[in-house]
Structures are given as structure tokens and as C-alpha cells.
Amino acid sequence: MEYLNSESFAKEQDANDKLNKFRDYFEIPHINGEESIYFTGNSLGLLPKKGKNAINQELEDWGKLGVEGHFEAKNPWYSYHELFKPLLSQVVGAKESEVTALGGLTGNLHFLMVSFYRPSAKRFKILCEGKAFPSDQYALESQVKFHGLNPSEALIELHPRDGEQHLREEDILKAIEENSEEISLIMIGGVNYYTGQVMPMGKITRAGHKAGAIVGFDLAHAFGNIELKLNEWGVDFAAWCSYKYLNSGPGSVAGIFVHERHENNSELPRFAGWWGTPTDGRFKMEKGFKPALGSDGWQLSNAPVLSMAIHKVALEIHLQAGLENLRAKQKTLTGYLEFILKEISNNNESIRFEIITPKERGSQLSILTHGSGKPLFDLMTKKGVIADWREPNVIRVAPVPLYNSYRDVFRFGKIISESLIELN
Ligand SMILES: *Cc1c(COP(=O)(O)O)cnc(C)c1O
């Protein structure tokens with residue numbers, strides 16, 4: 001597409017955008033009495049207006065029915081989690097038996113590693129990103145210690161080459177091959193939270209399996225952002241949160257994928273709970289845990305219906321917009337932001353920032369600021385931008401195709417230009 005850094009161009013794009021109406025489905029936060037430029041859907045997505053009704057429905061049923069709501073509510077709570085299978089399976093490219101909505105992301109990663117990180121004397125290492133999200137670092141480190149191992153020996157961290165900002169595919173694949181005798185597990189973010197780099201998940205999975213390792217992904221920044229084909233890629237397991245690109249609310253219910261090849265394996269060790277047993281036997285309260293088939297066997301507790309109510313609405317909106325449509329708009333919208341940022345930095349020698357996100361990306365661009373990054377970020381916030389600052393010097397911005405507009409991107413460019421001039 002030929003882009004132009006002008007308001008009329010942006011407005012024309014919005015007028016022709018078939019996803020334009022979805023902006024109205026969400027509450028847009030205001031700054032200075034005006035709609036903000038909300039580019040933080042990669043951190044906390046916006047409130048879907050229908051979410052309030054969805055929660056109210058459950059509150060009403062609870063009020064009217066009390067415990068009977070488990071079976072008598074409009075959406076019976078007893079089986080509420082089952083409503084997610086057809087929705088989640090589309091978003092992550094999986095079979096329905098492979099996906100379940102449950103728990104929280106970090107907890108789920110732990111529970112999955114209990115099953116899938118089983119180090120032996122010889123094969124005990126975990127290959128991971130060097131600058132993984134802190135929660136993932138802590139999870140990996142503590143899993144390793146839980147097995148009586150030393151993190152500095154057991155964790156192989158992948159770092160970009162000197163002077164480079166992101167990992168090269170060839171370096172990831174080489175590291176897998178070189179350590180093939182010792183890797184037990186590969187655990188990487190599907191999209192790096194800091195740089196926005198999309199990892200070649202299919203290739204990593206293939207290389208990992210060839211090396212004899214189990215392969216899992218943290219999809220926090222991938223879920224609802226990029227195309228996923230977890231079943232086809234053969235990924236062993238994955239986990240995600242629902243409050244970033246999937247707009248399900250702060251700390252809302254998360255989800256997992258377990259590949260069908262593990263579906264019948266009741267030998268896998270796991271930390272079990274009553275909700276992980278087959279539906280028909282759950283209330284028999286019998287001794288001896290027998291897991292339900294597939295990812296359901298990792299459930300522990302009964303469904304957190306209030307957060308699930310929003311998650312369901314948010315997933316339905318996402319799928320109503322259409323995964324293909326979202327991806328097509330993502331390309332042009334983030335492309336437009338890239339175009340504007342490059343134009344600003346090309347036209348002004350005193351400007352010192354660069355985009356460190358590679359071409360393998362979703363919605364997010366990470367802007368590395370040289371010098372006065374934090375004052376720039378703070379001034380932009382005052383002027384109506386809600387973005388995300390990451391120490392030491394990165395501004396992360398994600399124009400989200402579901403509710404951001406081309407005009408948002410144009411206004412962002414205008415604000416960053418003005419702010420740079422004011423700070424000079
Ligand atoms: C957002 C995010 C988390 C957050 O974990 P919670 O358990 O949901 O608090 C973890 N890992 C990554 C990579 C993230 O981006």
C-alpha cells in the first residue's frame with residue numbers, strides 16, 4: 001500500500017476499513033477529555049462493552065438461583081468451560097480436545113512443566129530466551145531448582161548477536177542442534193514481549209523434536225495477535241493469558257494447549273485437581289485420580305465464571321471480526337505506523353530513535369530511544385498517548401486492528417513529532 005502521512009489519508013483508510021465498526025464495541029479511555037490513542041492492547045486490551053452485560057447475567061443468575069446456577073443458569077456454570085473449546089481452537093489452530101480455558105498463565109506454565117519437563121541425568125536442560133519476560137524466567141528457574149538442579153547449568157539462554165536486537169532463526173536452530181544430547185525442554189515466547197519478534201514456532205518445534213526434546217511456547221503476546229497453527233506445527237504444549245490482545249480483563253482466565261499426541265497419556269506426572277477428571281465422574285468423588293482426555297485433564301478447579309463471562313464475549317467479538325480480516329488490517333495498520341515513524345526520523349537529523357522489531361512481527365513495534373526516551377514518553381502520555389515504557393529505553397506500541405484506527409496512527413505520529421520538537 002502507498003501510505004501518506006496526512007489526516008485525510010488516514011480518514012479515508014478508516015472509511016474503507018471493514019473492521020471500523022468494531023472500535024465502537026470497546027470503551028476507549030480518555031485523556032484530557034478526548035479519546036486517547038490507546039496503543040497498549042499488547043499489555044491490557046480494552047473493555048468490550050458487552051462484557052458488562054455478560055457479567056451481569058452471571059450475577060443475576062447467582063442472585064436468583066444460588067448454588068442451583070451450576071445447572072440452572074442460562075449458561076450452566078458446571079460446564080461453563082466447555083463453551084470455550086470451539087472458540088479457542090480457532091484462535092490457536094487446534095482441535096477442540098487440545099484447548100481449555102483455565103487458571104492463570106504463570107501457574108499454567110508451572111503445571112504444564114510438571115508434566116513436560118522431566119529431566120534425566122543426561123538430558124536435563126531447558127533452552128529459553130535470554131531476556132524472557134520475568135515471570136517466565138522465575139518459573140523456569142524455580143522448576144529447575146525444584147528438580148534439585150542448578151539454573152546456571154540447566155538453562156541455556158538464547159541471546160541476540162552482539163550489536164543485534166533480536167534472535168536469528170539460524171542461531172536458534174543451531175543452538176538446538178548443538179545441545180541436542182542434553183536438551184529436555186524448549187520453552188520460548190511465541191512472540192517476544194520486548195522486541196515484538198515472532199518466533200518461527202513450526203521450525204523450532206521440528207528441530208526440537210529431532211533433537212529429542214519437548215517443545216512448549218508461552219503465547220502471551222501471540223494469542224489473538226498472530227496466526228497460530230499449534231496442532232499442525234506439532235507443538236507439545238502452550239499457554240497464554242487472555243487480557244492482552246484478547247481483551248478479557250485484568251487477570252482474566254488463561255488457557256492451555258496440549259497436543260493430541262499426549263491426549264491418552266495418563267502416565268504423565270501431573271498435579272491434579274477434581275476438575276481434571278472426566279465430566280461424568282466428577283461428582284462421584286471417588287478415590288484415585290483419573291485424568292479426562294486431552295487438555296481438560298490439567299484442570300484443577302471449577303470454572304471462574306465471572307472472568308470467563310468476559311472472556312467468552314471477547315473471543316466472540318474477535319472471531320466475529322474474523323482472523324483473516326484482523327491479520328490483513330494488522331499488516332497495513334502497523335505498516336502505516338512504521339512508515340510514519342521512518343518518515344519522522346528521516347526528516348529530522350536530531351531525532352534519535354529506531355524500530356527494533358524485525359519484519360517477523362504482529363501488531364507491536366518496539367521503538368528504541370537513544371537519549372531522552374523517558375521524557376519523550378512522559379510528554380507523549382500528557383498529550384494523549386497510552387503506550388508502554390520498558391526500561392532501559394524502549395517504548396512499545398501496538399496499534400490493534402480490532403479497535404485502533406488509521407487516524408490513531410496519524411495522531412500518534414503528530415504527537416511524537418511535536419514532542420520531539422518541544423524536547424529539543
Ligand atoms: C504478560 C506476560 C505474562 C504474565 O503472566 P501472568 O501469569 O498472566 O501474570 C507472563 N509471560 C509473558 C511472556 C507475558 O508477556
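Modeller: Before we start, one cut-off: a residue is called buried when its relative accessible area is under 20%. And keep in mind that this is a predicted model.

Biologist: Fine. Why does Gly-202 count as buried?

Modeller: Its relative accessibility is 10%. The cut-off is under 20%, so Gly-202 counts as buried.

Biologist: Where does Gly-202 sit?

Modeller: In helix H9, which covers residues 201-210. As for its place relative to Gln-137, the two are 65 residues apart along the chain, and their C-alpha atoms are separated by 23 Å.

Biologist: On to the ligand. Which residues are around the ligand?

Modeller: Leu-105, Thr-106, Phe-133, Asp-136, Asp-218, Ala-220, His-221, Tyr-243 and Lys-244. By class, that shell has 4 nonpolar, 2 polar and 3 charged residues.

Biologist: What makes the pair between Thr-106 and the ligand a polar contact?

Modeller: A polar contact needs a pair of N or O atoms within 3.5 Å. A side-chain N or O atom of Thr-106 is 2.6 Å from an oxygen atom of the ligand, so the pair qualifies. Lys-244 passes by the same rule, since one of its side-chain N or O atoms is 2.5 Å from a ligand oxygen. With Asp-136, the partner is a nitrogen atom of the ligand, 2.6 Å from a polar side-chain atom.

Biologist: How much of the ligand does the protein bury?

Modeller: The protein buries 80% of the 390 Å² that the ligand exposes when taken alone.

Biologist: And the empty space? What is the volume of the largest pocket?

Modeller: About 560 Å³. There are 23 lining residues, and closest to the centre are Val-198, Met-199, Lys-359, Glu-360 and Arg-361. The lining divides into 8 nonpolar, 6 polar and 9 charged residues.

Biologist: Which helices each supply at least two residues of that lining?

Modeller: H9, the helix that holds Gly-202, and H12, residues 323-346. The largest share, 5 residues, comes from H12.

Biologist: What makes a space a cavity rather than a pocket?

Modeller: In a cavity the probe fits but cannot get out, whereas a pocket is open. The structure holds 2 cavities of 30 Å³ or more, and the largest has about 150 Å³ of space.

Biologist: Which residues lie nearest the centre of the largest cavity?

Modeller: Gly-224, Asn-225, Ile-226, His-318 and Leu-326, out of 15 lining residues. H12 gives the most to this lining too, with 4 residues. By class, the cavity lining has 8 nonpolar, 6 polar and 1 charged residues.

Terms used: Residues are numbered from 1 along each chain as its sequence is written. This is a predicted model: local features need pLDDT of at least 70, side-chain atom pairs count only at pLDDT 80 or more; totals for chains, interfaces and linings use all residues. Side-chain values use heavy atoms; hydrogens and water are left out. A residue is near a molecule or strand if one of its heavy atoms lies within 4 Å of it. A polar contact is a pair of N or O atoms within 3.5 Å; within protein, one must be able to donate a hydrogen and the other to accept it, and residues adjacent in sequence count only if both atoms are side-chain atoms. Accessible areas come from the Shrake-Rupley method with a 1.4 Å probe; for residues, only the protein chains shown count as cover. Ala, Val, Leu, Ile, Met, Phe, Trp, Tyr, Cys and Pro count as nonpolar, Asp, Glu, Lys and Arg as charged, and the others, Gly among them, as polar. Buried means under 20% relative accessible area, exposed over 50%, partly exposed in between (1.4 Å probe, protein chains only). On a 1 Å grid over the protein atoms alone, a cavity is a set of points where a 1.4 Å probe fits but cannot get out, and a pocket is an open set with protein on both sides within 12 Å along at least five of seven lines; lining residues have an atom within 4 Å of a point. Grid points are joined across faces, edges and corners, and a volume is the space filled by probe spheres set on the points.
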